[in-house]
Amino acid sequence: MLSLTTFAQSEGDENLAIFNGYYYSQEYQVYFRLNLSEQGMEVPNHELLGNMPGYLAKNHNNFYWLITDWKYSKAHKKSKAPTIDLSLINDYGSEDFTATLQKINDSIYSFKQTEGNVLKIPNNGKWQKLPKELLFKKK
C-alpha cells in the first residue's frame, strides 16, 4: 500500500514540473517565473516576504505581481489540457486577481484572468491594462 502512495505522489510531482520555469510574452514585454515546489523562490527586491510560488513582472521595471497560491488540476474541463489556478497580488498589496495557466503545447501556455482586479503594468509612466488572456512562450 505504501508503494502505491509513493508512486502517485511522484507522478503528481512530474505533472507539476511542466509548469515550473520562465515564461515570456514578446508582445507585452512581460514575463513570469514559476517554481511550484515546496521551496518556491525569492521575488527580487521582496526577499522580506520569503519564498513564493512565483511572480509576474515587466522588463526593466521593479513592479511585480506576486503569485501567492496555486492549485493543480489534471485537466481543464473543456480542453483536457493540464491547468493550474493561480492567485496573484500586486506588490503594494492593494489589488489581486485569479488566473488559470493552461498548457497549449510544449512551449505555449495560456494565462487567463478569471476574477478580481484588472492586470495592469507600468508602461512609460502610465498604467497599461493587459488583455484577460495572454499567450506566453516557455523558455
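## A first look at a strand-rich protein

This protein exposes about 8,600 Å², and carbon and sulfur atoms supply 50% of that area. What you're looking at is a predicted model, so keep in mind that every value here is computed from it.

**The overall layout**

Let's start with the parts list. The protein holds one helix and twelve strands. Walk along from the N terminus and you meet the helix, followed by the strands: α-β-β-β-β-β-β-β-β-β-β-β-β. The chain has 139 residues, and 37% of them count as buried. How much of the contact list comes from residues 24 or more positions apart? Among contacts with a separation of 6 or more, such pairs account for 37%.

**The nonpolar cores**

Now for the inside. In soluble globular proteins, nonpolar side chains tend to be buried together. Here, the largest nonpolar core has 25 residues, and Leu34, Leu88, Leu101 and Phe111 have the most contacts inside it. Six strands each bring at least two residues to this core: β2 (30–34), β6 (64–73), β7 (83–90), β8 (96–103), β9 (108–116) and β12 (133–138). There's also a second, separate core of nine residues, with Tyr31, Met41, Met52 and Tyr55 among its members.

Leu101 is a good residue to click on. Setting aside neighbours within four places in sequence, Leu101 is in contact with several aromatic residues, including Phe19, Tyr23, Phe32, Tyr109 and Phe111. The contacts of Leu101 also include Leu34, Pro82, Ile84 and Leu86, plus Thr83 and Ser110.

Thr83 deserves a quick stop of its own. Thr83 lies in strand β7, and with a relative accessible area of 2%, this threonine is buried. What does its side chain find there? A polar atom of the Thr83 side chain lies 3.0 Å from the backbone oxygen of Ala81.

**Rings meeting rings**

A search of the whole structure turns up 16 aromatic pairs. One of them joins Phe19 and Tyr72, edge-to-face, at 6.3 Å centre to centre with 70° between the planes. The two rings come from distant parts of the chain: Phe19 is in the loop between α1 (2–17) and β1 (21–25), while Tyr72 is in strand β6, 53 residues apart. Phe19 counts as buried because its relative accessibility is 0%, whereas Tyr72, at 23%, counts as partly exposed.

Trp65 and Phe97 make another edge-to-face pair, 5.0 Å centre to centre with 65° between the planes. This pair also links distant parts of the chain, with Trp65 in strand β6 and Phe97 in strand β8, 32 residues apart. Both of these residues are buried.

These four residues also belong to one aromatic cluster, which includes Tyr23, Phe32, Phe63 and Tyr92 as well as Phe19, Trp65, Tyr72 and Phe97. Tyr109, Phe111, Trp127 and Phe136 are in that cluster too.

**Charged partners**

How many salt bridges does the structure hold? Two, and here they are side by side:

| Salt bridge | N to O distance |
|---|---|
| Glu95 and Lys120 | 3.4 Å |
| Asp106 and Lys103 | 3.7 Å |

The Glu95 and Lys120 bridge ties together distant parts of the chain, with Glu95 in the loop between β7 and β8 and Lys120 in strand β10, 25 residues apart. Is Glu95 buried or exposed? Glu95 is buried, since its relative accessible area is 18% and the cut-off for buried is under 20%. Lys120, at 23%, is partly exposed. Over in the other bridge, Asp106 counts as exposed, with 67% relative accessibility.

**A loop residue to finish on**

Where does Asn117 sit? Asn117 is in the loop between β9 and β10 (120–123). With a relative accessible area of 32%, Asn117 is partly exposed, which means it falls between the 20% and 50% cut-offs. Leaving out residues up to four places away in sequence, Asn117 touches Glu95, Asp96 and Phe97. Two of those names have come up already: Glu95 is the salt-bridge partner of Lys120, and Phe97 pairs with Trp65. Asn117 and Ile89 are 28 residues apart in sequence, and their C-alpha atoms are 9.3 Å apart in space.

Conventions: Residues are numbered from 1 along each chain as its sequence is written. This is a predicted model: local features need pLDDT of at least 70, side-chain atom pairs count only at pLDDT 80 or more; totals for chains, interfaces and linings use all residues. Side-chain values use heavy atoms; hydrogens and water are left out. A nonpolar core is a set of buried Ala, Val, Leu, Ile, Met, Phe, Trp, Tyr and Cys residues joined through side-chain atoms within 4.5 Å. Buried means under 20% relative accessible area, exposed over 50%, partly exposed in between (1.4 Å probe, protein chains only). Helices (H or I, at least four residues) and strands (E, at least two) are DSSP runs, numbered from the N terminus. Contact means heavy atoms within 4.5 Å. A salt bridge is a side-chain nitrogen of Lys or Arg within 4 Å of a carboxyl oxygen of Asp or Glu. A polar contact is a pair of N or O atoms within 3.5 Å; within protein, one must be able to donate a hydrogen and the other to accept it, and residues adjacent in sequence count only if both atoms are side-chain atoms. Accessible areas come from the Shrake-Rupley method with a 1.4 Å probe; for residues, only the protein chains shown count as cover. Rings of Phe, Tyr and Trp (its six-membered ring) pair if their centres lie within 6.5 Å; planes under 30 degrees apart count as stacked, over 60 as edge-to-face and the rest as tilted.
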